[in-house]
Amino acid sequence: MAKNVGDLLVDVLEEAGVQRVYGVSGDSLNGITDSIRTRKKIAWVHLRHEEVAAFAAGAEAHLTGKLAVCAGSCGPGNMHLINGLYDCHRSRVPVLAIAAQIPSGEIGSGYFQETHPDQLFGQCSHYCELISQPEQMPRVLEIAMQTAISKRGVAVVAIPGDVTLRAAVHDGRRVHFSETQPCVRPSEDELNVLADLLNRSERITILGGAGCAGAHDELVELAGRLQAPIVHAMRGKEFIEYDNPYDVGMTGLLGFSSGYHAMLNCETLLMIGTDFPYQQFFPTQATVVQIDVRGEQIGRRTKVDFAFIGDTKTTLLALLPKLQQNQYETHLKQSQEHYRNARKGLDDLAIPKSNNKPIHPQQVARVLDKLASEDAVFTCDVGTPTIWAARYLTMNGKRRIIGSFTHGSMANALPHAIGAQASYPGRQVISMSGDGGLSMLLGDILTLQQERLPVKIIVFKNHSLAFVELEMKAAGILDFGTGLSDPDFAKIAEGAGLLGLRADTPDQVEPMIAQALAHNGPALIEVLVSRQELSMPPTITLEQAKGFSLFMMKAVLSGRGDEVIDLAKVNLFR
Ligand SMILES: Cc1cc2nc3c(=O)[nH]c(=O)nc-3n(C[C@H](O)[C@H](O)[C@H](O)COP(=O)(O)OP(=O)(O)OC[C@H]3O[C@@H](n4cnc5c(N)ncnc54)[C@H](O)[C@@H]3O)c2cc1C
Ligand SMILES: Cc1ncc(C[n+]2csc(CCOP(=O)(O)OP(=O)(O)O)c2C)c(N)n1
Ligand SMILES: [Mg+2]
């Protein structure tokens, strides 16, 4: 049978190594799904909501580093992809979205389900084009794929259903090359300037982020040479924290006070591969150096005195031979000591003091960390699960963490877990879900059973949108609209074909998490955790706090009820 445009589209994806397409089917997608149906190398992952499809593709791309694909039918079908695609785009993971379009002859008539995907997706993609003629295929698709991969982000191809069913004009893939890997680094002269600056500095702190992926050993060697504590930003945690004697924790509101102080006390701040967004946590006096592979990232967050464009690993390999051993140890030693104390403070909070309710969420996260496998993939919802993941999950170079860290969308954890599990069927995947987050995209709990994905969901059931409640309290306004009248999630899970468990007291936490992790199939445990784990310290009056959102404060949530905000050295409200 002659090939149609839909077949050609699937051929190209298959040849490029795409193994699955996440989506919800629809009339306008028939030309594509019908072609996928007959394939052996490419699968259709059938979800209940297209937003989940986009998040799932994002998780796959995050873990594999390769192009992942999602699809939605015309109008509302692909519109549902948008929030998930925003997340992929802002997290810079390569994702192709196929947005089916209404019949080509109807475009512009206000037809049933008519939208304009080429305009709708413009803000969350690097490339977004309509294929209106078979002649454009596969060139436009290949440009989209190439753009998503090389610019890292989303590319969208909109294609009317009738076009996918027309005879293909061209035969197969036009481009045949593997992913390029250029070495990008500053010039020799620039490296000499950088080396000279670092060789003259005593108190140096490194702030590293996700751009340090793949450069762990070089980063540790650099820190040793410079006697520099390494502070990490959230997306750098999985690449920087492990096997790293120089790590002094994360900075930011959810970070460690040690991370904040190591940055505050330095004379030279060396930012490497980070876009840590909160300006108020940067030092004002230090000389700031920034290394990033993207020039447009330089100076976005703080003043920068020296800028260098380069890939972290390539740049550090070229820089290291130029660096002398820094003899000044005090800054590093003090930062490490501060980190040990901060770490101990947080660890103490994870030990249950009695078997009384409610359970502290820190205990849950700590037990998860202890029982999870060597190469577990954790996903965490935006809300307090992000705090527990940041503080209690131990990384080791094999474990991974996925969250909606840049876009900050609720309900990401289950969808991300679906994508992680679909791409790594044998791996342990754990979703740290909020009760608000889980219920927002609850429908896709059904996917776990249908697609045979043994994801383990841990629900932090605090009967509230707790993170927002905390922000309201911090802003000095009465919390409103944050209570959740929760269902029995364990029963819902049982009804959806999962193992459903419920932990009410601290002594049930460990055995139940162990049972869920050992279960041969998907499982959900709801854990009744305290609602107000982190509240404002009584010493801050409403009047003082007014007008400050938590993220505007120069403060780190310490985690202790009486001393919750560990104020920075400078007076917070001066
Ligand atoms: C509720 C909530 C609270 C949060 N609180 C905190 C907090 O307290 N602290 C915190 O740190 N984060 C927090 N975050 C996350 C925060 O919003 C940012 O997403 C995060 O800090 C960014 O981490 P990053 O700099 O590692 O990654 P990114 O923002 O992804 O930046 C990576 C940088 O590396 C560059 N890069 C990529 N590849 C390379 C390469 N090969 N070589 C060189 N450069 C490269 C990129 O161009 C980019 O500039 C929170 C998120 C949520 C949802
Ligand atoms: C889609 C979306 N809606 C609203 C918000 C604002 N928001 C951030 S965290 C949060 C609460 C999350 O509640 P839950 O999942 O129960 O987690 P908790 O903080 O209670 O642990 C809300 C409403 C958001 N980030 N994303
Ligand atoms: Mg909640």
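This report describes the surroundings of ligand 2, the magnesium site and strand E10 in a predicted model.

Residues are numbered from 1 along each chain as its sequence is written, while chains are lettered from A and ligands numbered from 1 in the order in which they are written. Because the model is predicted, local features need pLDDT of at least 70 and side-chain atom pairs count only at pLDDT 80 or more, whereas totals for chains, interfaces and linings use all residues, and side-chain values use heavy atoms, with hydrogens and water left out.

**Ligand 2**

Around ligand 2 there are 17 residues, of which Thr384, Asp435, Gly437, Ser464 and Ala466 come nearest; a residue is counted as near if one of its heavy atoms lies within 4 Å. The shell divides into seven nonpolar residues, nine polar ones and one charged one, where Ala, Val, Leu, Ile, Met, Phe, Trp, Tyr, Cys and Pro count as nonpolar, Asp, Glu, Lys and Arg as charged, and the others, Gly among them, as polar. Helices H16 (384-392), H18 (435-440) and H20 (466-474) each supply at least two residues of this shell, helices being DSSP runs (H or I) of at least four residues and strands (E) runs of at least two, numbered from the N terminus.

The table lists distances from ligand 2 to polar backbone atoms, with N or O atoms paired within 3.5 Å.

| Atom of ligand 2 | Backbone partner | Distance |
|---|---|---|
| nitrogen | Met410 | 3.1 Å |
| oxygen | Gly437 | 2.7 Å |
| oxygen | Ala466 | 2.7 Å |

Taken alone, ligand 2 exposes 590 Å², and the protein buries 78% of that; the areas come from the Shrake-Rupley method with a 1.4 Å probe.

**Magnesium ion**

The magnesium ion (ligand 3) is coordinated by Asp435 (OD), Asn462 (OD1) and Ser464 (O) at 2.0 to 2.1 Å, and these donors follow the spacing D-x26-N-x1-S along the chain. Donors are N, O and S atoms within 2.8 Å of the metal (3.2 Å for Na, K and Ca), and since water is not among the atoms, sites may look incomplete. Asn462 counts as buried because its relative accessibility is 6%, and Ser464 counts as buried at 3%, the term meaning under 20% relative accessible area.

**Strand E10**

Five of the five residues of strand E10 (residues 268-272) are buried, so the strand is largely enclosed by the rest of the structure. On one side lie Thr268, Leu270 and Ile272, and on the other Leu269 and Met271, all buried. E10 pairs in the parallel sense over five bridges with strand E7 (residues 204-208), where Gly208 stands opposite Ile272. It also pairs in the parallel sense over five bridges with strand E11 (residues 287-292), in which Gln290 is the bridge partner of Met271; pairing requires at least two DSSP bridges.

Conventions: Polar contact = N/O pair within 3.5 Å; in protein donor to acceptor, adjacent residues only side chain to side chain. Buried < 20%, exposed > 50% of the residue type's maximum accessible area, 1.4 Å probe, protein only.
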